[in-house]
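I opened this one to get my bearings. My notes below follow the order in which I looked things up.

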Amino acid sequence: MFYANQVRFYLNDKLVEMDVTPTQTALEIIRALGATGAKEACSEGDCGACTVALGLERNRYLAVTSCIMPATKLHGRHVITVEGLGTPENLHPIQEVMYRHHATQCGFCTPGFIMSIFCLLANNSQPDMAAFRKALEGNLCRCTGYQHIVQAGEDLLEKLHEGLLSISSLFPDFCDAVWDDLEQSQPPQVVPVSAGVLPSREYHLCYSLDAALHALDADPQNSRVISGGTDLFVESNVARRFAENYIDVQRIASLHTFSMDDHELTIGAGVTLEELLQDARIHVHFPLLSQAIEMMGSVQIRNVATLAGNLGNASPVADGACALLGLDASVQLTSSQGARSVPLKKYYLGYKQTERHPDEIITAIILPRKEGGFGNFIKTGKRHNVDISSVSSALSVQVDASGLLTDVVLAYGGVKEYPALATQTMALLQGKKIDEILITEAMACVEAEFTPIGDVRGTAEYRSLLIKNQLKKHLLRFIKRGEDA
Ligand SMILES: Cc1cc2nc3c(=O)[nH]c(=O)nc-3n(C[C@H](O)[C@H](O)[C@H](O)COP(=O)(O)OP(=O)(O)OC[C@H]3O[C@@H](n4cnc5c(N)ncnc54)[C@H](O)[C@@H]3O)c2cc1C
Ligand code: FES
Ligand code: FES
């Protein structure tokens, strides 16, 4: 038997109640409902043409790439598209400023840019141009009209700072009425549908851990736990690889916790990368992690993606996994039999193979607190943002009273079948004082420790060079305590 979900959400000012299948994307539904401003181009979350504002609660709208968002995730949400902001006769202030600065040529990318700018302003009442540029890191313009878009941004921000425009005036009038209704939402109804047309059987949008474990227990081998879906829905869009069942854990309130005591930080599996990036505790106590997250994907991806998904995917080039390995993290795995904690250094078993059993859900990531040390993350890719690493690495060290290194942890991504520790180099550095001779020795040691392969992201020789040069950069940054080297 195959099942669809009867979802209920708002598209701009219209209530939508419809059945969606497990593998339909939000973009397919939004466009089928007539909001064709959201475009489909790459279908991989890379270009931002499909960006819409996803309202999670009153006044909380996030930019997301709807092409890789499961349609079931729309349930109980408010989607604003470019059609909801203004009309050709009555342009929204963001549309108006883009038009006036000739910031649109063929126009294909423009709705995505406008929705990203809207979401920036919905979340930040006093942005500067750095924040404006950052908000657009996930939007590509094939006509390369970036200079005009930046000029439009300067104009818009000036109006906001001078008080000629208010943030509240940027929200469409219908938002309040929409939330008066949506705040009463219940979980979606599941309805049977005829088989044959669907590659997957069920999509469980779970609201409790018990419900998720129960759904997973029914068929662990053929089910995939899904959080943000930024890996899984690229896989289904591009490789046409589908799970039989999806167990969506992102709405489980108990996985949205974030707690820190004197010994450790516990990050619930549902916390998104962007939520982590916005949290001062991460910047202050785990700068290595915020450096890594800041370079992961784009704001549209980080708004939904999780560290749990980064570990679950078990990619050799997963940046979050490399950073967490460098921080000596553990992962909490929970099944209906109970929970266990596995140190990340023991979690990976081979290419895309991990310690996680099919009936287990990653429920938290635990980071030990080590105050006063030094942590640094480096990623080398072809582009600064929205790119997969050729090689990434994370170094964390403590320093004793005589200036000797202790607790050295050095992790690499992109050098082997899974993110790995450079154990021999760690041993070499342990208990030593950094000087030029040690840096040279450590570079030779780490180069010998890995035999990377060549692929589209770099030849084996290039990767070997990156492995040793990244270590040199870490150590020089350590000497200068964070200043670039
Ligand atoms: C445009 C784009 C740019 C990207 N850039 C980067 C980047 O710079 N660096 C990087 O490392 N990655 C990047 N990614 C990959 C991806 O965003 C990350 O791996 C992200 O952390 C995945 O999180 P998610 O919650 O979306 O995972 P999902 O897609 O939901 O899941 C990924 C995997 O983890 C499993 N999983 C998810 N949650 C759980 C759980 N709670 N318990 C058990 N298993 C679980 C799933 O079954 C699946 O195998 C990018 C992706 C896109 C589309
Ligand atoms: S179509 Fe390119 S990000 Fe969605
Ligand atoms: S205006 Fe043509 S793609 Fe941006």
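These entries cover the ligand shell, one helix, and a few backbone oddities.

**Entry 1: the model.** I'm reminding myself that this is a predicted model.

**Entry 2: around ligand 1.** I started with the ligand and looked up its neighbours. Ligand 1 is surrounded by 33 residues. Gly45, Ser227, Gly228, Gly309 and Gly312 are the closest. Sorted by class, I get 16 nonpolar, 12 polar and 5 charged residues in the shell.

**Entry 3: who supplies the shell.** Which helix or strand gives the most to the shell around ligand 1? That would be α14, with 5 residues. I also listed the elements that bring at least two residues each: β8 (223-226), α9 (232-239), α14 (307-313), α15 (319-326) and β16 (361-368). On the domain level, domain 1 (2-82 + 182-248) and domain 3 (254-479) each put at least three residues into the shell.

**Entry 4: a closer look at α9.** Since α9 is one of the shell's suppliers, I checked how it sits. Its buried residues are Leu232, Phe233 and Ser236. Looking down the axis of α9, I find these within an arc of 95°, so they line one face of the helix. That fits what I know of helices: with 3.6 residues a turn, residues three or four places apart point the same way. What do the buried residues of α9 pack against? They pack against β8, which is itself on the list of shell suppliers. Val238 and Ala239, on the other side of α9, are exposed.

**Entry 5: just past α9.** Arg240 follows α9, and I noted its positive phi, near 55°. I stopped there for a moment, as most residues other than glycine have a negative phi.

**Entry 6: two more positive phi values.** I looked up Asn59 next: no glycine, yet its phi is positive at about 65°. Asn59 sits in the loop between β3 (51-57) and β4 (60-65). Is Asn59 buried, exposed or partly exposed? I found 14 C-beta neighbours inside 10 Å, and because burial takes 20 or more and exposure 12 or fewer, Asn59 counts as partly exposed.

His102 was the other one, with a positive phi of about 55° although it is not a glycine. I placed His102 in the loop between α3 (93-100) and α4 (110-123). His102 has 13 C-beta neighbours inside 10 Å, so it counts as partly exposed.

Technical notes
Residues numbered from 1 in each chain as written. Chains lettered and ligands numbered in written order. Predicted model: local features only at pLDDT ≥ 70, side-chain atom pairs only at ≥ 80, totals over all residues. Near = placed C-beta within 6 Å. Helix = DSSP H or I, 4+ residues; strand = E, 2+ residues; numbered from the N terminus. Nonpolar A, V, L, I, M, F, W, Y, C, P; charged D, E, K, R; others polar. Domains from an automatic or database assignment. Arc of directions from axis to C-beta. Contact = placed C-beta atoms within 7 Å.
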